[in-house]
Amino acid sequence: MPKFPSSKLPSLRKWIEPYNKSGEVLPPQPIITRWGAWLESAIFYADNFENFKNVIQSLPEDDVKSIKNCKQILTKSNIINDLTYIKTNFSVIVESIKKLETSGLLLINALEIFEQVTNAINNLSENENSVLIKKKCSDIIKKNKGLLILKEISKIHQGENVDLSSSIKHFSPEMLSSFKYAPITSVDVERSFSAYKHIVTNRRHNLTEINMEHIIVTYCFSNNK
């Protein structure tokens with residue numbers, strides 16, 4: 001798939017904006033640490049390919065290397081096929097990521113969303129790309145032992161008779177029921193890091209354990225509204 005060098009994106013966006021007379025949204029700039037950002041960008045180009053191409057073609061090349069590279073990429077014959085393939089088969093990943101980022105999601109519902117994604121990937125038509133994608137997905141799932149445990153607990157929550165594995169056979173009913181809202185992603189953990197960053201700051205010089213507890217409870221309460 002064609003890539004725009006991240007170091008060149010700001011200059012390319014700077015050049016596009018004055019020529020963007022149609023009022024279309026500017027191309028998104030992928031964020032490496034954000035889930036699905038590259039897929040969102042590819043889907044944007046699939047939805048706005050002709051408009052984006054027209055704007056790029058109207059830009060003066062001069063000595064701007066990013067514009068020259070972009071024009072060359074847009075002339076490649078396979079770019080339309082690639083963007084179509086991504087939008088058709090992988091939009092579900094972007095949509096599912098947004099759903100999984102929701103706070104307070106039931107474990108059962110979260111795993112259902114995850115299963116929808118894995119089913120969509122497993123149902124891809126056989127070709128060189130799909131074989132690699134399926135293998136990558138399968139390898140990641142097999143290595144994630146925690147996911148298998150959550151799936152087992154989810155079955156118990158749904159009333160199925162499950163032979164407890166060695167990982168959870170020592171769990172009490174109270175512990176198993178506490179997994180009702182267990183997140184299958186690290187989004188909530190990352191949110192807590194952001195909260196603690198504001199709470200435990202160098203500006204605070206007299207923070208007692210009791211006050212710390214009050215602040216955390218207040219934050220959790222307001223965040224769950």
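Contact means heavy atoms within 4.5 Å. The exercises below use that meaning, and the model they concern is predicted.

**Exercise 1. The chain as a whole**

Task: State how many helices and strands the protein chain has, and what share of its residues is buried.

Solution.
- Step 1. Count the elements: the protein chain has 11 helices and zero strands.
- Step 2. Read them in order along the sequence, which gives the pattern α-α-α-α-α-α-α-α-α-α-α.
- Step 3. Turn to burial: of the 225 residues in the protein chain, 28% are buried.
- Step 4. Look at the contacts with a separation of 6 or more: residues 24 or more positions apart account for 56% of them.

**Exercise 2. Ser154**

Task: Decide whether Ser154 is buried or exposed, and find which residues it is in contact with beyond its neighbours within four places in sequence.

Solution.
- Step 1. Locate the residue: Ser154 belongs to helix α8.
- Step 2. Apply the cut-off, by which buried means under 20% relative accessible area. Ser154 has a relative accessible area of 3%, so it is buried.
- Step 3. Set aside neighbours within four places in sequence; Ser154 is then in contact with Leu107, Ile108 and Leu111.

**Exercise 3. Leu107**

Task: Place Leu107 in its helix and list its contacts outside four places in sequence.

Solution.
- Step 1. Leu107 is found in helix α6.
- Step 2. Its relative accessible area is 0%, so Leu107 is buried.
- Step 3. Without neighbours within four places in sequence, the contacts of Leu107 are Leu150, Ile153, Ser154, His157, Phe179, Lys180, Tyr181, Ala182 and Ile184.
- Step 4. Take one of these, Ile184. Leu107 and Ile184 are 77 residues apart along the chain, and their C-alpha atoms are separated by 7.4 Å.

**Exercise 4. α6 against α8**

Task: Describe how helix α6 and helix α8 pack.

Solution.
- Step 1. Recall what is needed: two packed helices are described by the angle between their axes and the distance between the axes.
- Step 2. For α6 (residues 107-122) and α8 (residues 145-157), the angle is about 125° and the axes are 10 Å apart.
- Step 3. The two helices, α6 and α8, are therefore oblique to each other. The crossing of α6 and α8 is left-handed.
- Step 4. On the α6 side the contact is made by Leu107, Ile108, Leu111, Phe114 and Glu115, and on the α8 side by Leu147, Leu150, Lys151, Ile153, Ser154 and His157.
- Step 5. Sorted by class, the residues of this contact of α6 with α8 are seven nonpolar, two polar and two charged.

**Exercise 5. Two more helix pairs**

Task: Find the angle at which α3 and α4 cross, and the angle at which α5 and α6 cross.

Solution.
- Step 1. The axes of α3 (residues 49-57) and α4 (residues 65-74) come within 10 Å and cross at roughly 135°. α3 and α4 are therefore oblique to each other, and their crossing is left-handed.
- Step 2. Phe49, Phe52, Lys53, Ile56 and Gln57 of α3 meet Cys70, Lys71 and Leu74 of α4. The classes in this contact of α3 with α4 are five nonpolar, one polar and two charged.
- Step 3. The axes of α5 and α6 also come within 10 Å, with a crossing at roughly 170°. This makes α5 roughly antiparallel to α6.
- Step 4. Here Val92, Ile93, Ser96, Lys99 and Leu100 of α5 meet Ala110, Ile113, Val117, Ala120 and Ile121 of α6. The contact of α5 with α6 has eight nonpolar residues, one polar and one charged.

**Exercise 6. The largest nonpolar core**

Task: Name the residues of the largest nonpolar core that touch the most other members, and the helix that gives the most to this core.

Solution.
- Step 1. The largest nonpolar core has 32 residues, and those touching the most other members are Phe52, Ile56, Leu74, Ile79, Leu83, Ile93 and Ile121.
- Step 2. At least two residues of this core come from each of α2 (37-47), α3, α4, α5 (79-100), α6, α7 (128-143) and α8.
- Step 3. α5 gives the most to this core, with six residues.
- Step 4. Look at α2: Ala37, Ser41, Ala42, Ile43, Phe44 and Tyr45 are buried there. What covers the buried residues of α2 includes α3 and α5.

**Exercise 7. Leu207**

Task: Find where Leu207 lies and what it touches.

Solution.
- Step 1. Leu207 is in the loop between α10 (187-199) and α11 (209-223).
- Step 2. With a relative accessible area of 34%, Leu207 is partly exposed.
- Step 3. Not counting residues up to four places away in sequence, Leu207 touches Ile199, Met212 and Ile215.

Conventions:
Residues numbered from 1 in each chain as written. Predicted model: local features only at pLDDT ≥ 70, side-chain atom pairs only at ≥ 80, totals over all residues. Heavy atoms only, no water. Axes fitted to C-alpha atoms, helices over the stretch in contact; angles between N-to-C directions. Parallel < 35°, antiparallel > 145°, perpendicular 65-115°, else oblique. Left-handed = near helix turned anticlockwise from the far one by under 90°. Nonpolar A, V, L, I, M, F, W, Y, C, P; charged D, E, K, R; others polar. Core = buried A, V, L, I, M, F, W, Y, C linked by side-chain atoms within 4.5 Å. Buried < 20%, exposed > 50% of the residue type's maximum accessible area, 1.4 Å probe, protein only.
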